[in-house]
Amino acid sequence: MAAKAARRPPARKPVLVLNGPNLNMLGKRQPEIYGRETLADVEKQCRVEAARLGLPVEFLQSNHEGVLVDRIQAAREQNSGIVINAGALTHTSVALLDALNAAELPVIEVHISNIYKRESFRHHSYISPVAVGVIAGLGIQGYLLALQALARLLAR
Ligand code: CA2
């Protein structure tokens, strides 16, 4: 008799958490806007939350637009969804918008601060049109909420 095929769920591709320019400075300057936690703390908390949700997760922070574009292009094959805080590139980058569009993955946009309470140039995001949702103003908890949202979307 033929052996029964093992019914293992297909391996899930990791969710990619991307951080843009200057977010490596988190916790080191401007704590009144961005809080006291560092990017390493964000990564640690995301890893704990992702493990709880059963989501594999990968991180990249870069100060360079092209590096972020390259990683988003690779994500199309390598990842199942993207959480992105593009930093100031949020308000300037058509290149990131195009890359996210081409990736055809669920995207959640995160901002630590409430960009709508700040200078008017921060009120417009080039990447929001490709995002399933946008979380702003909830501090680094926003990243954890974004992972929860992606876990639900990917389970559908
Ligand atoms: O609120 C957010 O998460 C932002 O994406 C952060 C960006 C800003 O340009 C966006 O308008 C809103 C800035 C990230 C820079 O982070 C720093 C953190 C500490 C010290 C200096 C910069």
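**Exercise 1.** How far is an oxygen atom of the ligand from an N or O atom in the side chain of His91? Then find other polar partners of the ligand in this predicted model.

*Solution.* Start with His91: an N or O atom in its side chain is 2.7 Å from a ligand oxygen atom. A polar contact requires a pair of N or O atoms within 3.5 Å, and the His91 pair, at 2.7 Å, satisfies this. Next take Ser113, where a polar side-chain atom lies 2.5 Å from an oxygen atom of the ligand. At Ile112 the backbone takes part instead: one of its N or O atoms is 2.7 Å from a ligand oxygen atom.

**Exercise 2.** Describe the surroundings of the ligand.

*Solution.* First, locate the ligand: it sits in the largest pocket. Second, list the shell: 17 residues surround the ligand, and those that come nearest are Asn85, His91, Ile112, Ser113 and Arg122. Third, sort the shell by character: eight residues are nonpolar, seven polar and two charged.

**Exercise 3.** Outline the fold of the protein chain and check its radius of gyration against that of a compact globule.

*Solution.* Count the elements: the protein chain has five helices and five strands. Their order along the sequence is β-α-α-β-α-β-α-β-β-α. For the extent, the C-alpha atoms fill a box of roughly 70 × 30 × 25 Å along the principal axes. Finally, compare the radius of gyration: a compact globule of 156 residues would have one near 15 Å, so the 16 Å of the protein chain agrees.

Notes: Residues numbered from 1 in each chain as written. Predicted model: local features only at pLDDT ≥ 70, side-chain atom pairs only at ≥ 80, totals over all residues. Heavy atoms only, no water. Near = heavy atom within 4 Å. Polar contact = N/O pair within 3.5 Å; in protein donor to acceptor, adjacent residues only side chain to side chain. 1 Å grid on protein atoms, 1.4 Å probe; cavity = no way out; pocket = protein on both sides within 12 Å on 5 of 7 lines; lining within 4 Å. Sits in = over half its atoms within 2 Å of the grid points. Nonpolar A, V, L, I, M, F, W, Y, C, P; charged D, E, K, R; others polar. Helix = DSSP H or I, 4+ residues; strand = E, 2+ residues; numbered from the N terminus. Rg over C-alpha atoms; globule rule 2.2 N^0.38 Å.
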